[in-house]
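Subject: Structure handover

Hello,

Here is the structure for you to look over. My notes follow below it.

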Amino acid sequence: MIITVVILAFVASLALCRRIDVKSYNNGICKECGAPLTHFDTDSQGGRGYVCYSCEPYRYIWISYPWVDHKHINPILPPVAHR
Ligand SMILES: [Zn+2]
C-alpha cells in the first residue's frame, strides 16, 4: 500500500516538473517578449539552456526533460548554405 503512495507521489512530481518545463519553454518562444529562444548550452546531465537575447536582462531557461524541446534540439534546417 505504501508503495502505491510512493509511486503516485513520484508520478505526480514528474508531471509537475514536466508542466513547468513545457510552460517555461513555450515552444521556443519567450513568454515575456515573444522572441525565439536561442539554445546556448547543454549541461552534463543533458539539460538544455535557452536564452532570450531580446529581454533586458537576458532571460535564461533550463529544460531537463527530453520531450519538451526535441524539435528545437534537432531542427530541420533550411537549405541556406547554397543561397
Ligand atoms: Zn524575451
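Start with the first pair of strands: β1 and β2 run antiparallel and share four bridges. One facing pair there is Thr38 and Val51, with Val51 in β2. The two strands make a hairpin, with five residues between them. Gly46 sits in that turn and has a positive phi of about 90°. Before going further, please note that this is a predicted model.

Overall layout

The protein chain has two helices and three strands. Read from the N terminus, the order is α-β-β-β-α. The chain has 83 residues, and 10% of them are buried. Take the contacts with a separation of 6 or more: 32% of them join residues 24 or more positions apart.

The sheet

What is the strand order in the sheet? It is β1-β2-β3, in an open sheet with antiparallel pairing. β1 (38-42) and β3 (59-63) are the edge strands. Each has a single partner strand, so one side of each has no neighbour in the sheet. From one strand to the next, the twist averages 30°. As background, strands of a sheet pair through backbone hydrogen bonds, either parallel or antiparallel.

β2 covers residues 48-52 and pairs with β3 over five bridges, again in the antiparallel sense. Two positions help to fix the register. Val51 faces Tyr60 in β3. Arg48 has Ile63 of β3 as its bridge partner. Val51 also stands opposite Thr38 on the β1 side.

The two faces of β2 are not alike: Arg48, Tyr50 and Cys52 form the covered face. Gly49 and Val51 form the uncovered one.

β2 and β3 form a hairpin too, with six residues between them. Pro57 lies in this loop. Check the backbone here: the peptide bond from Glu56 to Pro57 is cis, with omega near 0°. In general, most residues other than glycine have a negative phi, and most peptide bonds are trans.

The core

Which residues make up the largest nonpolar core? There are six: Tyr25, Leu37, Tyr50, Cys52, Ile63 and Val68. Tyr50 and Cys52 are also on the covered face of β2. Ile63 is the residue paired with Arg48 across the β2 and β3 bridges. The general pattern is that nonpolar side chains tend to be buried together in soluble globular proteins.

Cys52 has a long contact list. Leaving out residues up to four places away in sequence, Cys52 touches Cys30, Glu32, Cys33, Ala35, Leu37, Tyr58 and Arg59. Leu37 is thus a contact of Cys52 and a member of the core.

Helix α1

α1 spans residues 2-25. Is it largely buried or in the open? Of its 24 residues, the number buried is one, so α1 lies largely in the open. Its length checks out. At 1.5 Å a residue, the 24 residues should span 34 Å, and the end C-alpha atoms are 35 Å apart, which agrees.

Ser24 belongs to α1. Ser24 has 16 other C-beta atoms within 10 Å, so it is partly exposed. How far apart are Ser24 and Trp62 in sequence and in space? They are 38 residues apart in sequence, yet 8.3 Å apart from C-alpha to C-alpha.

The loop after α1

Asn26 follows α1. Asn26 is placed in the loop between α1 and β1. Its phi is positive, about 50°, although Asn26 is not a glycine. Asn27 is in this loop as well. Asn27 is not a glycine either, and its phi is positive at about 55°.

Exposed or partly exposed: which label fits Asn27? With 11 C-beta neighbours inside 10 Å, Asn27 counts as exposed. Asn26 has 14 other C-beta atoms within 10 Å, so Asn26 is partly exposed.

Where to look

Three places to open in your viewer are these:

- The cis bond from Glu56 to Pro57.
- The positive phi values at Asn26 and Asn27.
- The contacts of Cys52, including Cys30 and Cys33.

Best wishes

Note on methods:
Residues are numbered from 1 along each chain as its sequence is written. This is a predicted model: local features need pLDDT of at least 70, side-chain atom pairs count only at pLDDT 80 or more; totals for chains, interfaces and linings use all residues. A nonpolar core is a set of buried Ala, Val, Leu, Ile, Met, Phe, Trp, Tyr and Cys residues joined through C-beta atoms within 7 Å. A residue is buried if 20 or more other C-beta atoms lie within 10 Å of its own, exposed if 12 or fewer, and partly exposed in between; C-beta atoms are placed from the backbone. Two residues are in contact if their C-beta atoms, placed from the backbone, lie within 7 Å. Two strands pair if DSSP finds at least two bridges between them. Axes are lines fitted to C-alpha atoms, for helices over the stretch in contact, and angles run from 0 to 180 degrees between N-to-C directions. The expected span of a helix is 1.5 Å times one less than its number of residues.
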